[in-house]
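Subject: Structure for your review

Dear colleague,

I am handing over the structure below, together with the notes I made while going through it. Please read them alongside the coordinates.

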Amino acid sequence: MKNKILKSIILLALSLNSVGILKAQITAGFATGASAYFGDLISTPAFFQQMSPSISGDIGMSLGSRLRARFNIAYLQVRGDDKKSPYWPTRNRNLNFKSDIWELSAIAEFDIFK
């Protein structure tokens, strides 16, 4: 599966180069923030104690006066732990989890108005 995706990306890059689109304006961006899970393992007072950092980066290019393509990668983590709850019935349940989340996206943007 990964091999097919890599071949598709290389084929796309070669086809864009053959029509001269790679001479277009290229932009890059980076963002950082916080991520958190809010559900039955998190009570409101413990919500801010269980936040995790998140990061993302993207690269884009203009494909004409109205069309742009952008590729984005992001990483974040969510977690929940009953030990941090201020309520004793929840603490006694003793549940916890931690999940790493990766996101890849390819986006096409078209400007309707100039």
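N72 is buried, because its relative accessible area is 17%, which falls under the 20% limit for that class. The residue belongs to strand β3, and, once its neighbours within four places in sequence are left aside, N72 is in contact with S56, G57, D58, E103, L104 and S105. Please keep in mind throughout that this is a predicted model.

The strand pairing gives the setting for N72. Strand β3 covers residues 67-81, and strand β2, residues 52-62, runs antiparallel to β3 and is joined to it by eight bridges. These two strands, β2 and β3, make a hairpin with four residues between them, and within this pairing G60 has R70 in β3 as its bridge partner. Strand β3 also pairs with β4, again in the antiparallel sense, and here the pairing extends over 15 bridges; one of the positions involved is Q77, whose bridge partner in β4 is D100.

Next come the charged side chains. In general, side chains of opposite charge can pair when their charged atoms come close. A search of the whole structure returns three salt bridges, and a network of such bridges links R68, R70, E109 and D111.

Taking the bridges one at a time, R68 and E109 meet through their side chains with an N to O distance of 3.0 Å. Since R68 lies in strand β3 and E109 in strand β4 (residues 96-110), this pair ties together parts that are 41 residues apart in sequence. R68 also forms a salt bridge with D111, where the closest N and O atoms are 3.0 Å apart. This second pair links distant parts of the chain, with R68 in strand β3 and D111 in the segment after β4, 43 residues apart. The remaining bridge to describe is that of R70 with E109, in which the closest N and O atoms are 2.9 Å apart. Because R70 lies in strand β3 and E109 in strand β4, this pair ties together parts that are 39 residues apart in sequence.

As for how far these four residues are covered, R68 is partly exposed with a relative accessible area of 31%, and R70 is partly exposed at 27%. On the acidic side, E109 is partly exposed with a relative accessible area of 23%, while D111 is partly exposed at 26%.

The aromatic side chains are the next topic. Two aromatic pairs come out of a search of the whole structure. In one of them, the ring centres of Y37 and F97 are 4.9 Å apart and the ring planes stand at 90 degrees, so the pair is edge-to-face. Y37 sits in the loop between β1 (26-35) and β2, whereas F97 sits in strand β4, so that this pair ties together parts that are 60 residues apart in sequence. Y37 is partly exposed, with a relative accessible area of 23%, and F97, at 27% relative accessibility, also counts as partly exposed.

The other aromatic pair is formed by Y75 and W102, and it is tilted, with 4.8 Å from centre to centre and 45 degrees between the planes. It links distant parts of the chain, given that Y75 is in strand β3 and W102 in strand β4, 27 residues apart. Which class of exposure does each partner of this pair fall into? Y75 is partly exposed, with a relative accessible area of 22%, whereas W102 counts as exposed, because its relative accessibility is 60% and the exposed class begins over 50%.

Finally, there is the nonpolar part of the surface. L67, F110, I112 and F113 make a nonpolar surface patch of about 490 Å². Of these residues, L67 is found in strand β3 and counts as partly exposed, at 35% relative accessibility.

To bring the strands back together with the side chains, β3 holds the buried N72, and R68 and R70, each in strand β3, have salt-bridge partners in strand β4 through E109.

With best regards

Notes
Residues are numbered from 1 along each chain as its sequence is written. This is a predicted model: local features need pLDDT of at least 70, side-chain atom pairs count only at pLDDT 80 or more; totals for chains, interfaces and linings use all residues. Side-chain values use heavy atoms; hydrogens and water are left out. Patches are made of residues with over 30% relative accessible area and no salt bridge: like charges are joined within 9 Å, nonpolar side chains (Val, Leu, Ile, Met, Phe, Trp, Tyr) within 5 Å. Accessible areas come from the Shrake-Rupley method with a 1.4 Å probe; for residues, only the protein chains shown count as cover. A salt bridge is a side-chain nitrogen of Lys or Arg within 4 Å of a carboxyl oxygen of Asp or Glu. Buried means under 20% relative accessible area, exposed over 50%, partly exposed in between (1.4 Å probe, protein chains only). Two strands pair if DSSP finds at least two bridges between them. Contact means heavy atoms within 4.5 Å. Rings of Phe, Tyr and Trp (its six-membered ring) pair if their centres lie within 6.5 Å; planes under 30 degrees apart count as stacked, over 60 as edge-to-face and the rest as tilted.
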